[in-house]
Amino acid sequence: MGVTIQFESHTNEFPYVYYLENSADVLEYYDQPNTIKLNYKVGNKSNRNILHTPDFFVIERDKAYWVECKTEKDLLKLAVKSPERYKLDEDQQWICPPGQEYASQFGLNYIVR
């Protein structure tokens, strides 16, 4: 794309940048895209609204999505601390339901890698 892409982790985000750079399906991608608002309930308490900046926004030939890169170790801790925000789905893939809900209003997706 002719720009410098930032990443915070050489062992987590950098391999993903390398993948994006070499994928024939990826048209564009951006690091630290605009902040998005995540809404979710914490247990039986009131709604939590947080501002969140995903790691990347990716545009492919047939889809576009926000990406949050986390290590498995971090996700296991986050799933205990914030089970409403990070969890394993029925296919044992990590998801962020509030991120997916935000993205769906635009016909997009939010993935955790």
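This report walks through the nonpolar cores of a predicted model and two residues with unusual backbone angles.

Let's start inside. The largest nonpolar core has 15 residues, and the members touching the most others are Ile36, Leu38, Trp66, Cys96, Tyr110 and Val112. At least two residues of this core come from each of strand E2 (36-41), strand E5 (64-68), helix H3 (97-104) and strand E8 (109-112). E2 gives the largest share, three residues.

Ile36 is a good place to click around. Skipping neighbours within four places in sequence, Ile36 is in contact with Ile50, Leu51, His52, Pro54, Trp66, Tyr102 and Tyr110. Two of those partners, Trp66 and Tyr110, also appear among the core members that touch the most others. There's a second, separate core too: ten residues, including Val17, Tyr29, Phe56 and Val67.

Now for the backbone. Most residues other than glycine have a negative phi. Gln32 has a positive one and isn't a glycine, and Gln92 likewise has a positive phi without being a glycine. Here they are side by side:

| Residue | Phi | Loop between | Relative accessible area |
|---|---|---|---|
| Gln32 | about 45° | strand E1 (26-31) and E2 | 36% |
| Gln92 | near 60° | strand E6 (87-88) and strand E7 (94-95) | 54% |

So where do these two glutamines sit, buried or exposed? Gln32 counts as partly exposed at 36%, because exposed takes over 50% and buried takes under 20%. Gln92, at 54%, is exposed. Gln32 is in the loop that leads between E1 and E2, and E2 is the strand with the largest share of the largest core.

Terms used: Residues numbered from 1 in each chain as written. Predicted model: local features only at pLDDT ≥ 70, side-chain atom pairs only at ≥ 80, totals over all residues. Heavy atoms only, no water. Core = buried A, V, L, I, M, F, W, Y, C linked by side-chain atoms within 4.5 Å. Buried < 20%, exposed > 50% of the residue type's maximum accessible area, 1.4 Å probe, protein only. Helix = DSSP H or I, 4+ residues; strand = E, 2+ residues; numbered from the N terminus. Contact = heavy atoms within 4.5 Å.
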